[in-house]
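User: Please take a close look at the largest nonpolar core of this model and tell me which residues and elements build it.

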Amino acid sequence: LPDRASSIFFLPYGIAIPPGRRAPVPGPLRLLFVGRLEADKGVFDLPLIDGQLARLGAQVSWTVHGWGPAEERLKKEWVPAAPLVWSGRRPMCEVLNLYQHHDILVFPSRAEGLPVVLMEAGAAGVVPVASDLESGIADIVTHGQTGFRLPVGQCDAFAKAIASVLKPAGVLG
């Protein structure tokens, strides 16, 4: 449309691509939550998933990135079964760098549109384990192929999906 060249603009939408891709390392499976710390993001499922993973004998470590109204309560109530790091609020370049150092994004949200965090994780080669919501999640995650979509609030299903990633390597019995 040459006659409209002065009124057509390229406005990129989407995500900043992480600077590198995740590389597997020996040791525990590295789990990551990225998001606002509020009940609608399913943050109170994280300690339950952690407990289920411990019962399954899965060796994991956690990083929780974010801040929000549920942060204080979550920190008070979560007695971690596995090593846990709270990264708090960070610049975007640091958030993107987090993906390179993790294996699985745990995303137990209760309500979403098209979650940018799932696209960021996928771009970095991080496996998403997410709630199966009627939203854009199904457009990003193909269950069993590009990640896992699980029923909302089913912490045992989240833990089993996470633990299943360990089985091929013979880490989990």
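Analyst: The largest nonpolar core holds 28 residues, and those with the most contacts inside it are Leu31, Ile49, Leu53, Trp62, Val106 and Ile162; a nonpolar core is a set of buried Ala, Val, Leu, Ile, Met, Phe, Trp, Tyr and Cys residues joined through side-chain atoms within 4.5 Å, where buried means under 20% relative accessible area with a 1.4 Å probe, protein chains only. This is a predicted model, in which local features need pLDDT of at least 70 and side-chain atom pairs count only at pLDDT 80 or more, while totals for chains, interfaces and linings use all residues. Residues are numbered from 1 along each chain as its sequence is written, and side-chain values use heavy atoms, with hydrogens and water left out.

Two or more residues of this core come from each of β1 (29-34), α1 (46-56), β2 (60-65), β4 (104-107), β6 (148-150) and α6 (155-166), helices being DSSP runs of H or I with at least four residues and strands runs of E with at least two, numbered from the N terminus. Of these elements, α6 gives the most, with 7 residues.

Trp62, one of the residues with the most contacts inside the core, is in contact (heavy atoms within 4.5 Å) with Leu31, Leu46, Ile49, Asp50, Leu53, Trp78, Ala82, Pro83, Leu84, Val85 and Val106, when its neighbours within four places in sequence are left aside. Apart from the largest core lies another, of 17 residues, among them Leu105, Val117, Leu118 and Ile137.

Val117 also takes part in a helix contact, made by Met92, Leu96 and Tyr99 of α3 and Val117, Glu120 and Ala121 of α4.

Technical notes. Buried < 20%, exposed > 50% of the residue type's maximum accessible area, 1.4 Å probe, protein only.
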